[in-house]
Amino acid sequence: FVVVGGGYAGVEALAELVRVLGDQPTPAMVDRATEVARDELDHIAACSAAGVQAEMPLPSDPARAAQITALEQELAKLRASLTLSTQTEAATQQARSIIERAKPLSFPPLSARAAVAHARLGLFSTDHAETEKRLYDALVATAAAKDDRATAEIWNYLVSFTANTKGDIAGALQLIKPAEAA
């Protein structure tokens, strides 16, 4: 089962964080690890009873389920590495690869998490049009997965990106009502 809202993904990300820290971490990695662990624990805590009831089972096809599980694990490694590294170009390529490999599996929670990771990486880019496209793609993916928490997270990024990065305060204000409605 994959819990909508990030519970399972949070556990996977914490496991990968432990693996990364066990492999000769730098002092900067250790400093960030506490913050990362707290964020991942927050994701797990957000897995409420309502979220558990909305679990989306893996497909009954064992081959497809194994592919989804493998991509979920790869995505967890990517998320853990993002918080401890500045290798955003390599991470962006990996996120794109996961998105492309997830498409034929037609499993919305995986596609949504991959799109969110890709969108978050866009926040480090200087290509504002591409970043905005990634954020909107992530909104579509999280809505398709019925992941309200991730949708709210992306709306928050989009409003902040529009106001702070693009410097478009009026545009950011126009996004607030749709964001609240979501």
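Of the 182 residues in this protein, 41% are buried. What you're looking at is a predicted model, and it's built from 9 helices and 0 strands. Reading from the N terminus, the elements simply go α-α-α-α-α-α-α-α-α. Take the contacts between residues at least 6 apart in sequence: 65% of them join residues at least 24 apart.

**The α5 and α6 pair**

- Helix α5 covers residues 88-102 and helix α6 covers residues 108-122; their axes come within 9 Å and cross at roughly 155°.
- Angles over 145 degrees count as roughly antiparallel, and α5 and α6 are therefore roughly antiparallel to each other.
- The crossing of α5 past α6 is left-handed.
- On the α5 side, the residues that meet α6 are Thr88, Ala91, Thr92, Ala95, Arg96, Ile98, Ile99 and Ala102. Their partners on α6 are Leu110, Ser111, Ala114, Ala115, His118 and Leu121.
- Sorted by class, this contact between α5 and α6 has 9 nonpolar residues, 4 polar ones and 1 charged one.

**The nonpolar cores**

- In soluble globular proteins, nonpolar side chains tend to be buried together.
- Here, the largest nonpolar core has 18 residues, and the ones touching the most other members are Leu135, Ala138, Ile154 and Leu158.
- Four elements give two or more residues to this core: α6, α7 (128-144), α8 (148-165) and α9 (169-181).
- The top contributor to this core is α8, with 7 residues.
- So what does Leu135 touch, leaving aside residues up to four places away in sequence? Its contacts are Ala119, Leu123, Ile154, Tyr157, Leu158 and Phe161.
- Apart from the largest core lies another one, of 15 residues, including Leu75, Ala95, Leu105 and Leu110. Two of those names may ring a bell: Ala95 and Leu110 also turn up where α5 meets α6.

**Two loop residues with positive phi**

- Ser106 isn't a glycine, yet its phi is positive, near 45°.
- You'll find Ser106 in the loop between α5 and α6.
- Is Ser106 buried or exposed? Ser106 has a relative accessible area of 52%, and the cut-off for exposed is over 50%, so Ser106 is exposed.
- Lys146 is another non-glycine residue with a positive phi, in this case about 55°.
- The place to look for Lys146 is the loop between α7 and α8.
- Lys146 counts as exposed too, at 66% relative accessibility.

How values were computed. Residues numbered from 1 in each chain as written. Predicted model: local features only at pLDDT ≥ 70, side-chain atom pairs only at ≥ 80, totals over all residues. Heavy atoms only, no water. Axes fitted to C-alpha atoms, helices over the stretch in contact; angles between N-to-C directions. Parallel < 35°, antiparallel > 145°, perpendicular 65-115°, else oblique. Left-handed = near helix turned anticlockwise from the far one by under 90°. Contact = heavy atoms within 4.5 Å. Nonpolar A, V, L, I, M, F, W, Y, C, P; charged D, E, K, R; others polar. Core = buried A, V, L, I, M, F, W, Y, C linked by side-chain atoms within 4.5 Å. Buried < 20%, exposed > 50% of the residue type's maximum accessible area, 1.4 Å probe, protein only.
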